[in-house]
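This report describes selected salt bridges, enclosed spaces and surface features of a predicted model. The sequence and structure are shown first.

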Amino acid sequence: MRDVDFPALASESRAIWNENARWWDNKMGDGNDWQKLLIAPAVERLLQITPGERVLDLACGNGQFTRRLADSGAHVAGIDSSAEFLECARQRPSEHPERIEYRQLDLTSEEQLTTLGEREFDAALCNMALMDIACIEPLLGAIRRVLKPSGRFVFSVPHPCFNTNGTTLMAERDDYVGDGIVTYSVRVSRYRNLTPQRGIGIPGQPHPHYYFHRPLHALLGACFAAGLMLDGLEEPVFEGGPGKAAPSWDNVAEIPPVLAARLRAPVS
């Protein structure tokens, strides 16, 4: 199995996110269409939250999904490596602040992750963030420890097959069919051996951040090695039909830009 962790980049990656945090919070607020229309519904179907459950929201950023979970009746611990992100989260209003606790932890540090305890949470979530974390093996091991028997871990990431720095959105026009037919597609040029690369998540962000894209066998293999068992998958797409003339994910409803998965801790 190829490398899934890149410890040499962990400190730099955390620093970049801390520098971007306030800009990202101002831009994202309580979520964009990707979060509200595409990702959140899939993640919530997999999580199946019951009021009163304890949930761990890992790499919670500005707390957008933490607050959403609290609104569902969960008691949520929002964890992030960035002090700036957590300050943004605390400043944003919540209808149920009594159900939310924010804590700063280095999510790549085995020592700091042990402070989360053992078998204390019904569910854990890492929403569109594993690809931003340089080292995930310590985090997955901690998730295995903190979940109660049969507890759920749900993650979402840009789809490792179709939405990486090895893919390109395409628009091609055939002028010999009718008035000219435009076909939208995704070209995959690399997949198995993508290396970490800095890129832009939202146009205008102050500093490009690292993407740690991992192929499916590496990503899920790390989950299995931690003792977690896969029992749910979602591949959400934008279903509104062509929305722009230029290549965009609105135009390729057959190809999912996001993968969401649910894994469980063993019963005993």
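In this predicted model, a salt bridge joins the side chains of D231 and R264, with an N to O distance of 2.7 Å. The two partners sit in distant parts of the chain: D231 belongs to strand β10 (residues 229-234) and R264 to strand β11 (residues 258-264), 33 residues apart. D231 counts as partly exposed because its relative accessibility is 36%, between the limits of 20% and 50%. R262 joins D231 and R264 in a network of salt bridges.

The structure holds 14 salt bridges; three of the pairs are listed below.

| Pair | N to O distance | Separation in sequence |
|---|---|---|
| R22 and E84 | 2.5 Å | 62 residues |
| D30 and R67 | 2.7 Å | 37 residues |
| D231 and R264 | 2.7 Å | 33 residues |

The bridge between R22 and E84 connects helix α1 (residues 10-28) with helix α4 (residues 83-91). R22 is partly exposed at 35% relative accessibility, and E84 is also partly exposed, at 29%.

The salt bridge between D30 and R67 pairs a loop residue with a helical one: D30 lies between α1 and α2 (33-47), and R67 lies in helix α3, so the contact ties together separate parts of the sequence. D30 is partly exposed at 44% relative accessibility, whereas R67 is buried at 5%.

D30 and R67 are also among the residues that line the second largest pocket, together with K36, Q64, R68, D71, P93, S94 and E95. This pocket has a volume of about 170 Å³. Helix α3 (residues 64-71) contributes the most to the lining, with four residues. By class, six lining residues are charged, two are polar and one is nonpolar.

How many cavities of 30 Å³ or more does the whole structure contain? The search finds one, and the largest cavity holds about 60 Å³ of space. Its lining consists of L130, M131, V157, P158, P160, F212, H213, R214 and L219; seven of these residues are nonpolar, one is polar and one is charged.

R214, part of that lining, has its C-alpha 8.3 Å from the C-alpha of N193, although the two are 21 residues apart in sequence. N193 lies in the loop between β7 and β8 (197-199) and is exposed, with a relative accessible area of 55%.

Elsewhere on the surface, Y176, V177 and I181 form a nonpolar patch with about 360 Å² of accessible area together. Y176 lies in the loop between β6 (167-174) and β7 (181-188), and its relative accessible area of 80% makes Y176 exposed.

Terms used
Residues numbered from 1 in each chain as written. Predicted model: local features only at pLDDT ≥ 70, side-chain atom pairs only at ≥ 80, totals over all residues. Heavy atoms only, no water. Patch = residues over 30% accessible without salt bridge, like charges linked within 9 Å, V, L, I, M, F, W, Y side chains within 5 Å. Areas by Shrake-Rupley, 256 points an atom, 1.4 Å probe, with all protein chains shown as cover. Salt bridge = Lys/Arg side-chain N within 4 Å of Asp/Glu carboxyl O. Helix = DSSP H or I, 4+ residues; strand = E, 2+ residues; numbered from the N terminus. Buried < 20%, exposed > 50% of the residue type's maximum accessible area, 1.4 Å probe, protein only. 1 Å grid on protein atoms, 1.4 Å probe; cavity = no way out; pocket = protein on both sides within 12 Å on 5 of 7 lines; lining within 4 Å. Points joined across faces, edges and corners; volume = space filled by probe spheres on them. Nonpolar A, V, L, I, M, F, W, Y, C, P; charged D, E, K, R; others polar.
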